[in-house]
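Student: I should like to go through this structure and ask how each term is justified. May we begin once it is displayed?

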Amino acid sequence: MVEAARIEELRSSVAGPVLTPVDDRYDAARRCYNALVDRRPAVIVRCSGADDIASAFDFARANQLEVAVRGGGHNPAGHCVLDGGLVIDLSSLRRVEVDGDGRVARASGGATWLDFDSATQDHGLVAPGGIVGSTGVCGLTLGGGIGHLTAQHGLTCDNLVGAELVTPGATVVRASADENEELLWGLRGAGGNFGVATRLDFRLFPLSGVVGGKLSFRGAGVRDVLRIFRDLVAGSPQSLSCQAVITLDERQQPAVLVAPCYTGTAGDPEELRTLRAAPGLVDDSVRDHSFLDQQRVFDSPYGQNRHYWKGHFVRELPDELIDELLTRITSLGRPPGDILVESLHGAPKDVDESAAPLRFRHAAFNISAMATWADPAFDHEHIAWARETAEAIEPWSLGGGYANYMQADEPLERVRAAFGDDAFERLRALKRTYDPTNVLRRNQNIPPGDR
Ligand SMILES: Cc1cc2nc3c(=O)[nH]c(=O)nc-3n(C[C@H](O)[C@H](O)[C@H](O)COP(=O)(O)OP(=O)(O)OC[C@H]3O[C@@H](n4cnc5c(N)ncnc54)[C@H](O)[C@@H]3O)c2cc1C
């Protein structure tokens, strides 16, 4: 609880609204994507720019409040909200500027992928981002970024070319190839550990439309569908990104959904013909459409369901693991959520690995058990399902996990393993420079010291 007089002081020092539990907008402002997370901050500062962010840091320091940073509010760990502390809320900072000639976009700290894609597509340009429009551009990029254009253009963070941050010490720092290059390296995957990004700059690529959508498969052949998907992406051209989702049909039998995104020039690409010929195709929405339509293929309700995600980057997807995944999807006896299989073929492998701290670009797939449910009475069972499913995947794991999908209970060792020892120590050195007292610890944390 912060004294009312102090809150009034804060109000007079910032341009944006300051929300406390007595405000009408407070409940909506503390809500995040994952309904499992229900926390009550002492104060939410809806920042209108870098000055407000600096004032919020100063206020938190003066009043010994812990800090959380809110972009799109999608992180499944609920890092954007905390009990009793201060939230730096960036949801008013949604501007995206596009330099069409220079093929660069500058996204403000709270822009979503819908904001970003709408602005860049107005210029016939695109950057590889997330697959749900309401996800935050900065939150996703700072953890890596896997989506519909990964095979074509790499991870989202591979296309991050510049940034402007406000550090917890309330100073403004810029990073680019010419300035604080080490910080730019660290931002490509190590989360919001070093400051609050007021702006991230992205390299853009021309794109007019794609062939994409969903192919849904049912029945006894879904095992073969997954094998076909696996073999196809292994030999796929970079013009095809592809993801698969293992789920249950209404009879509680395993079903598979494959989401291709093709940007090549072939009228009827062989890869799509191969997918369509797989057994048990019951629904085919794959067609020529705009990239904005492709970004609506996986719309997802905000704040309605409870989520607990856990997974691994794997070196391969052998038949044995496919069988394991198909067993796991039925093991709860009711729909547990989904298992997402993201292919990392193509462009992520072409990037010079010294350009970013992330180790996972070497993986064949990112496989995640995404438990999703509505009734709090089932919390224990669904969380256990996700953990046990991740355990079943672990024998094929490369070690570490995907920071963007991690829950808050992941041990430091798994965060360290996501980068490897050498990169982790470099990140620690950056942390000591920009956030030596670990103010920004509500994230997949890089502690400045030994713990
Ligand atoms: C429905 C859904 C779809 C998703 N789709 C994808 C996908 O396609 N690809 C993918 O790779 N991931 C995806 N994710 C995961 C997503 O990338 C991460 O959860 C990411 O952290 C979300 O960012 P956010 O800003 O929306 O979340 P928030 O919860 O607001 O923030 C998450 C973290 O990022 C930090 N952060 C956010 N903005 C800033 C900023 N401006 N400066 C500094 N730190 C900041 C916060 O401190 C926090 O630690 C998805 C998640 C959901 C729930």
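Tutor: Let us begin with the terms for the elements: helices are DSSP runs of H or I with at least four residues, strands are runs of E with at least two, and both are numbered from the N terminus. Please keep in mind that this is a predicted model. With these terms, strand S3 (67-70), helix H5 (137-142) and strand S10 (196-203) each give at least two residues to the shell around the ligand.

Student: Which element gives the most to the shell around the ligand?

Tutor: Helix H5 does, with four residues. In total, 35 residues surround the ligand, and the closest include Gly-71, Gly-73, Ile-146, Ala-197 and Tyr-402.

Student: What makes the pair formed by Tyr-402 and the ligand a polar contact?

Tutor: A polar contact is a pair of N or O atoms within 3.5 Å. A polar side-chain atom of Tyr-402 lies 2.4 Å from an oxygen atom of the ligand, so the pair meets the cut-off. The backbone also takes part: a polar backbone atom of Gly-136 is 2.8 Å from a ligand oxygen, and for a polar backbone atom of Val-69 the distance is 3.3 Å. Both values are within 3.5 Å, and therefore these pairs count as well.

Student: How much of the ligand's accessible area does the protein cover?

Tutor: On its own the ligand has 960 Å² of accessible area, of which the protein covers 96%.

Student: What classes of residue make up the shell around the ligand?

Tutor: The shell divides into 16 nonpolar, 17 polar and two charged residues.

Student: How many cavities of 30 Å³ or more are there?

Tutor: The count is two. The largest has a volume of about 60 Å³, and the second largest has about 40 Å³. Each is called a cavity because a 1.4 Å probe fits there but cannot get out.

Student: Which residues line the largest cavity?

Tutor: Among them are Trp-309, Lys-310, Asn-366, Tyr-402, Glu-410 and Arg-414. Strand S18 (306-314) and strand S20 (365-373) each supply at least two lining residues, and S18 gives the most, with four. By class, this lining has four nonpolar, five polar and three charged residues.

Student: What lines the second largest cavity?

Tutor: Its lining includes Ile-146, Thr-150, Cys-242, Gln-243 and His-345. Helix H6 (150-153) and strand S14 (240-248) each give two or more residues to this lining, and the largest share, three residues, comes from S14. The classes here are three nonpolar, six polar and no charged residues.

Student: In which order do the strands of the open sheet of four lie?

Tutor: The order is S1-S2-S4-S3, with mixed pairing. Strand S1 (18-19) and S3 are the edge strands, as each pairs on one side only.

Student: Why are S1 and S2 said to pair?

Tutor: Two strands pair if DSSP finds at least two bridges between them. Two bridges join S1 to strand S2 (residues 43-46), so the requirement is met. These two strands run antiparallel, and Leu-19 stands opposite Ile-44 in S2.

Definitions and conventions. Residues numbered from 1 in each chain as written. Predicted model: local features only at pLDDT ≥ 70, side-chain atom pairs only at ≥ 80, totals over all residues. Heavy atoms only, no water. Near = heavy atom within 4 Å. Polar contact = N/O pair within 3.5 Å; in protein donor to acceptor, adjacent residues only side chain to side chain. Areas by Shrake-Rupley, 256 points an atom, 1.4 Å probe, with all protein chains shown as cover. Nonpolar A, V, L, I, M, F, W, Y, C, P; charged D, E, K, R; others polar. 1 Å grid on protein atoms, 1.4 Å probe; cavity = no way out; pocket = protein on both sides within 12 Å on 5 of 7 lines; lining within 4 Å. Points joined across faces, edges and corners; volume = space filled by probe spheres on them.
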